[in-house]
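User: I should like to learn how to read burial, cysteine pairing, nonpolar cores and helix packing in a structure. May we work through an example?

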Amino acid sequence: MLRIGPYPVDPAVVLAPMAGITNLAFRKLCREFGSSTSIYVCEMITARAVVERNEKTLHMMSFDEDEHPRSMQLYGVDPATLGEAVRIIVGEGWADHIDLNLGCPVPKVTRLGGGAALPYKRALFSKIVEAMVSGAEPAGVPVTVKFRIGIDDDHLTYLDAGRIAEAAGAKAVALHARTAAQRYSGQADWTAIARLKEAVTTIPVLGNGDIFAAADAVRMMDETGCDGVVVGRGCLGRPWLFAELQAALRGEALPEAPNLGRVGEVLYRHGALLAEHLGEDKAMRDLRKHMAWYLMGFPVGADLRRSFATVSSLTQLQDLIGQLDPTAPFPRDAEGPRGRQGSPGKVALPHGWLDDPDDPAVPTGADLMHSGG
């Protein structure tokens, strides 16, 4: 059984933190389908915003009453700020598990030296993990680290990153098997997960990338030997994927795929949970981005799809769902890739970032971004 610190993770499934997606409402929906003893990570939180006690960020850090362990992902580039953020979080009892984001490939993050750019700076990375572990350890809160293969094919960092995190006291590492330059395009290189598992021997190694069906998770674990899987884009518009993952990893029969009537019920439940969390107006605006994922592959006319994409109230949502054909079966071609894919591109980095991988200096201005997520 997978354990992260004191927490058993059964089945060995983690909902990946996704900005603008894995808020309290979506995590609750996924938990209703999956196991309460899997891990569901909140969207990325900026460490500096925690230190400044930014009101918007504190709301993003909300957890459901029965959500345990409460899993939070932090972003930052300064060991002092990240260490202080962790001390505040554990001191206030806000989270039971803290993950460090080193996988984000977004230019506004990497050009400050954060996210997927940071592991290249080995000494700085080590100081960050040590500071976070030092802040969390007295409260028994495990720190984990999620990273990519590297910046690009010429600057691979994942094996060093895994060893550094292990030595600095992280309780698990997770690898998104793409480079930052790939973003979400192409195919994840699962062989890198296998190599990381061989290099990191005393803590669990989790695999991430291209898990769009329960069978993908089983195959990843079989092929790489990883201890668990991290699921991101595959569950967009498909929170019931967690029921399928639970069955597959326990060797049970998979539940029947939902027809359009059942998908409509889940969609409404998602909207209602968002309304509880954000208020109805903001909830409907947030829900709009999920519509194409929920309806992917189903026979829904263009006019009705446009109406879903501009929904403004729960009453209107209910009316639109009533216009769907509830008997339409789940389209098997909708099980493939979903969510952002984009195309590969050059990674934005601070000036001179690649000159010295052992430079421990915090990049100038890197800690200014504090809009959580």
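Analyst: Let us begin with burial: a residue counts as buried when its relative accessible area is under 20%. The model shown here is predicted. In it, C42 has a relative accessibility of 0% and therefore counts as buried. C30, also with a relative accessible area of 0%, is buried.

User: How many disulfides does a search of the whole structure find?

Analyst: A disulfide requires two cysteine sulfur atoms within 2.5 Å. The search finds zero. For C30, the closest cysteine sulfur belongs to C235 and is 4.7 Å away, which is too far for a bond. C42 is likewise in no disulfide, the nearest cysteine sulfur being that of C30, at 13 Å.

User: How should nonpolar cores be read, and which residues have the most contacts inside the largest one?

Analyst: In soluble globular proteins, nonpolar side chains tend to be buried together. Here the largest nonpolar core comprises 83 residues, and L74, F125 and V145 have the most contacts inside it. Helix 6 contributes the most to this core, with seven residues. Beyond its neighbours within four places in sequence, L74 touches several residues, including I45, V86, L100 and M132. Another core, of 30 residues, lies apart from the largest one; A257 and F298 are among its members.

User: At what angle do helix 6 and helix 7 pack?

Analyst: Helix 6 (residues 122–136) and helix 7 (residues 158–167) pack at about 35°, their axes being 9 Å apart. Their crossing is right-handed. R122, F125, S126 and V129 of helix 6 meet D160, A161, I164 and A165 of helix 7. By class, this contact has five nonpolar, one polar and two charged residues.

How values were computed:
Residues are numbered from 1 along each chain as its sequence is written. This is a predicted model: local features need pLDDT of at least 70, side-chain atom pairs count only at pLDDT 80 or more; totals for chains, interfaces and linings use all residues. Side-chain values use heavy atoms; hydrogens and water are left out. Axes are lines fitted to C-alpha atoms, for helices over the stretch in contact, and angles run from 0 to 180 degrees between N-to-C directions. Helices (H or I, at least four residues) and strands (E, at least two) are DSSP runs, numbered from the N terminus. A crossing is left-handed if the near helix is turned anticlockwise from the far one by less than a right angle, and right-handed if clockwise. Contact means heavy atoms within 4.5 Å. Ala, Val, Leu, Ile, Met, Phe, Trp, Tyr, Cys and Pro count as nonpolar, Asp, Glu, Lys and Arg as charged, and the others, Gly among them, as polar. Buried means under 20% relative accessible area, exposed over 50%, partly exposed in between (1.4 Å probe, protein chains only). A nonpolar core is a set of buried Ala, Val, Leu, Ile, Met, Phe, Trp, Tyr and Cys residues joined through side-chain atoms within 4.5 Å.
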